[in-house]
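Visitor: I should like a close look at a single part of this protein, with attention to how its residues pair. Please take me through it step by step.

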Amino acid sequence: MTVIAVIGGGISGLALAYRLRARGKDAVVLEGENRLGGNIQTRQRDGLVTEAGPNSFLDREPATRELAKGLGIEELIRAADPAAKARYLYTRGQLRAVPASPPAFLKSDLLPLGARLRVVAELFTGRAPEGVDESLGAFGRRHLGTRATSVLLDAVQTGIYAGDMEALSVGATFPQLTKLEREHRSLILGAIRSQGAQRKALAAGSGGSQKLRGALSTFEGGMQTLVEGLTRALGPAARTGAKVEGLQPSQDGWRVSVREHGRQAELLASKVVLATPAYVTAGLVRPLDERLAALVEGIAYAPIAVVHLGYAQGSTPAPDGFGFLVPGLEKRRLLGAIHASTVFPFRAEDGKVLYTCMIGGAKRPELVGLDEEALVTLAREELKELAGVTASPVFTEVFRWTRGIPQYNVGHLERVAAIDSALARLPGLHLAGNAYKGVGINDCIRNALALGDALAS
C-alpha cells in the first residue's frame with residue numbers, strides 16, 4: 001500500500017499531488033465538491049473575465065514559475081499593464097496617490113506633515129522585547145506612529161487579509177517586517193541595506209531567474225488556467241464528488257472513509273494530507289485528537305464579498321492605476337477596489353471598464369450577509385462617493401465567501417507550532433493549505449511543493 005491521499009482539491013492539494021506524482025509517488029486527490037480549484041474560479045461572460053477569489057499573484061516566487069513550467073503554461077503568464085502601477089488610498093475624504101519613493105513620500109499629501117516626519121523618526125526606533133508576539137497595530141505605532149499605521153499599514157493588511165490590525169500578529173502576517181527589525185533595528189535602515197544587497201547580487205549575476213520580475217501577474221484566461229493545468233496533469237487521480245467522512249489509523253497507514261457520488265467506500269493510504277480549510281480539518285481530526293481539533297478550529301476566517309461592476313465603453317472614464325484601498329479609519333463600507341480592466345486589459349473586451357470591489361472583512365462581517373442586489377447597490381454607492389463613478393453598470397456579478405481569508409491573529413505562530421507537535425503524535429498525517437503558513441497563491445504553492453518533496457523522500 002503506497003498511495004498517498006490528499007484530501008482537498010484547492011491549489012494546495014492539487015500542487016501537492018502533482019509534485020508527489022512527479023516524484024514517482026501514487027497520490028490521489030479527494031475533493032468533496034464537484035469542481036477543483038477551491039476559491040480560484042474564473043468566469044467569462046459578456047466580454048468580461050472575472051475572478052471569484054484571487055485576482056493575481058506577484059511573479060517573484062520560483063516555485064510558482066517552476067510549477068507553471070512543469071504544467072506547460074509558463075508562457076501563458078501575463079504581467080499587469082505597466083500603466084497600472086499607480087496605487088491609491090482613500091484618506092481624508094479623497095483618493096490620494098501612494099508615493100513611489102521616499103523623497104516622493106516626503107513631498108506627498110498622503111499623510112499630514114507631522115505624520116510624515118514621524119515616519120522619518122523611525123530611523124531611531126528600538127527593537128521589541130524578545131519573545132513578544134506583537135499585534136500589527138502595536139508594531140506599526142512603535143515604528144511608524146499612530147497616523148501612518150492607521151492609514152498606510154492598515155490599508156496594506158486590508159488588501160491581503162481584510163483583517164483587524166489590532167488582532168493580527170505581525171510575526172505571522174508580515175514576517176519580513178520582524179526580520180528587518182531583528183537584523184537592522186530600523187525598518188528604513190533594513191530596507192535600504194536590503195535593496196543595496198539586491199543590487200549587488202543582480203550585478204554579480206546571482207539574482208535568480210531573469211523571468212522573476214516581481215510583477216503583478218495572472219494567466220491568459222485568468223487564474224483558472226492554473227487549476228486547469230493541474231487538472232490535466234493529474235487526470236483521474238483528481239477525484240471530485242469524493243467527500244471524506246472519516247479517518248482511522250491502521251497498522252500500515254490510514255483508512256479513509258469516502259462517500260463518492262453517493263457510494264460509500266474505504267481507501268487505504270500510507271499517508272494522508274488534509275489540504276482542507278481549517279474548519280473542515282478540525283472536524284476530521286476531532287475523533288483522533290480533541291486538542292489538535294481545537295487548535296485548528298481556533299483559526300478564524302474573515303468573510304468577504306467580491307462585487308464586479310462592468311461599464312460600457314464611454315459610459316465612464318477608464319480608471320488610472322491598479323486600484324485603491326480604504327483604511328478602517330475612514331469608516332467606509334468598501335474595503336477597496338481593483339481597476340481590473342486597467343490592470344489586465346485582456347479581461348475586458350470592446351473598451352469596457354471593470355471594477356472589482358471588496359466588501360466585508362473582519363471589521364464589517366455583517367455586510368457579507370446582504371443579498372446580491374444590496375451588495376451591488378452598496379458597491380455602486382461607494383464607488384460614486386469615493387471615486388466619482390456615476391454611470392450605471394451593464395454587468396454585475398457577486399461572489400460571497402462567508403469564510404474567506406484565514407486570520408493569523410496574535411498567537412498564530414505558537415498555535416502552528418502546537419499543531420505541528422500534535423501531528424508528530426499521528427505519524428503519516430499532515431496538514432496543508434492557506435490557514436497555517438501563508439495565505440497567498442505563492443505561499444500555497446511553495447509550501448505544497450516543499451511538503452511533496454519531504455513526503456517523497
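Guide: In this predicted model, Tyr88 has Ala97 in β8 as its bridge partner. That pairing belongs to the contact between strand β7, residues 87-91, and strand β8, residues 94-97, which run antiparallel and are joined by four bridges. Together β7 and β8 make a hairpin with two residues between them. Arg92, in the turn, has a positive phi of about 50°. As a general matter, side chains in a regular strand alternate between the two faces of the sheet.

A positive phi also occurs at Arg185, just after helix α8, with a value of about 75°. Within α8, which spans residues 175-184, the buried residues are Leu177, Thr178, Leu180, Glu181 and His184. Viewed down the axis of α8, these buried residues fall within an arc of 160°, so they line one face of the helix. In general, an α-helix has 3.6 residues a turn, so residues three or four places apart point the same way.

Side-chain pairing offers a further view, since the whole structure contains 29 salt bridges. One of them joins Asp453 to Arg23, with the closest N and O atoms 2.9 Å apart. Asp453 lies in helix α16 and Arg23 in the loop between α1 and β2, so this pair ties together parts that are 430 residues apart in sequence. Asp453 is partly exposed at 23% relative accessibility, and Arg23 is partly exposed with a relative accessible area of 40%.

Terms used. Residues are numbered from 1 along each chain as its sequence is written. This is a predicted model: local features need pLDDT of at least 70, side-chain atom pairs count only at pLDDT 80 or more; totals for chains, interfaces and linings use all residues. Side-chain values use heavy atoms; hydrogens and water are left out. Buried means under 20% relative accessible area, exposed over 50%, partly exposed in between (1.4 Å probe, protein chains only). The arc is that of the directions from the helix axis to the C-beta atoms. Two strands pair if DSSP finds at least two bridges between them. A salt bridge is a side-chain nitrogen of Lys or Arg within 4 Å of a carboxyl oxygen of Asp or Glu.
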